[in-house]
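Reader: I would like to go through this model by question and answer, starting with its overall form.

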Amino acid sequence: MSESVQQMIYCRACGQQMHVSAAACPGCGAVQTPVNASDKRILPAMLLCFFFGFLGVHRFYVGKIGTGILQILTLGGFGLWALIDFILIVVGAFTDSDGHKITEWT
């Protein structure tokens, strides 16, 4: 198989074949999310972290229950852990409980 054929996927909306790097389907225009992307969104996680980061609420939102409880007990790692999480969320490097990056803002 040629390399270009191996990099083809099917649109999740209409089923048309398209290149793996396409952001939207050329046939129907449906926006394509990466397969390994989380269904959680950056904006809610960022707002939860900003306002309630010391309680780890953003970690409960993404399904990281254990570390959410640890953040409650340590008040967000005395603020440092919550600050690091906030930065990771904003730059798009924060992951959900399945290890998928949170890439979509809304």
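Reader: What radius of gyration does the protein chain have, against that of a compact globule of 106 residues?

Author: This is a predicted model. A compact globule of 106 residues would come out near 13 Å. Along the principal axes, the C-alpha atoms of the protein chain fill a box of roughly 55 × 25 × 20 Å. The radius of gyration of the protein chain is 18 Å.

Reader: In what order do the elements of the protein chain run from the N terminus on?

Author: The protein chain has five helices and two strands. From the N terminus on, the order is α-β-β-α-α-α-α.

Reader: Which helix gives the largest share of the largest nonpolar core?

Author: Buried residues account for 25% of the 106 residues in the protein chain. The largest nonpolar core has eight residues: Ile42, Ala45, Met46, Cys49, Val62, Ile89, Phe94 and Ile102. Four residues of this core, its largest share, come from residues 42-52, that is, from helix α2.

Reader: Which residues is valine 62 in contact with, leaving aside its neighbours within four places in sequence?

Author: Val62 is one of the residues of the largest nonpolar core, as are Phe94 and Ile102. With neighbours within four places in sequence left aside, the contacts of valine 62 are Lys40, Phe94, Thr95, Asp96, Ser97 and Ile102.

Reader: How far apart are the mean positions of the positive and negative charges of the protein chain?

Author: The protein chain has 6 positive and 6 negative charges. Carbon and sulfur atoms hold 67% of its accessible surface of about 6600 Å². The mean positions of the two sets of charges are separated by 4 Å.

Technical notes: Residues are numbered from 1 along each chain as its sequence is written. This is a predicted model: local features need pLDDT of at least 70, side-chain atom pairs count only at pLDDT 80 or more; totals for chains, interfaces and linings use all residues. Side-chain values use heavy atoms; hydrogens and water are left out. The radius of gyration is taken over C-alpha atoms; the globule rule is 2.2 Å times the number of residues to the power 0.38. Buried means under 20% relative accessible area, exposed over 50%, partly exposed in between (1.4 Å probe, protein chains only). Accessible areas come from the Shrake-Rupley method with a 1.4 Å probe; for residues, only the protein chains shown count as cover. Lys and Arg count as positive and Asp and Glu as negative; His and the chain ends are not counted. The place of a charge is taken as NZ of Lys, CZ of Arg, CG of Asp or CD of Glu. A nonpolar core is a set of buried Ala, Val, Leu, Ile, Met, Phe, Trp, Tyr and Cys residues joined through side-chain atoms within 4.5 Å. Contact means heavy atoms within 4.5 Å.
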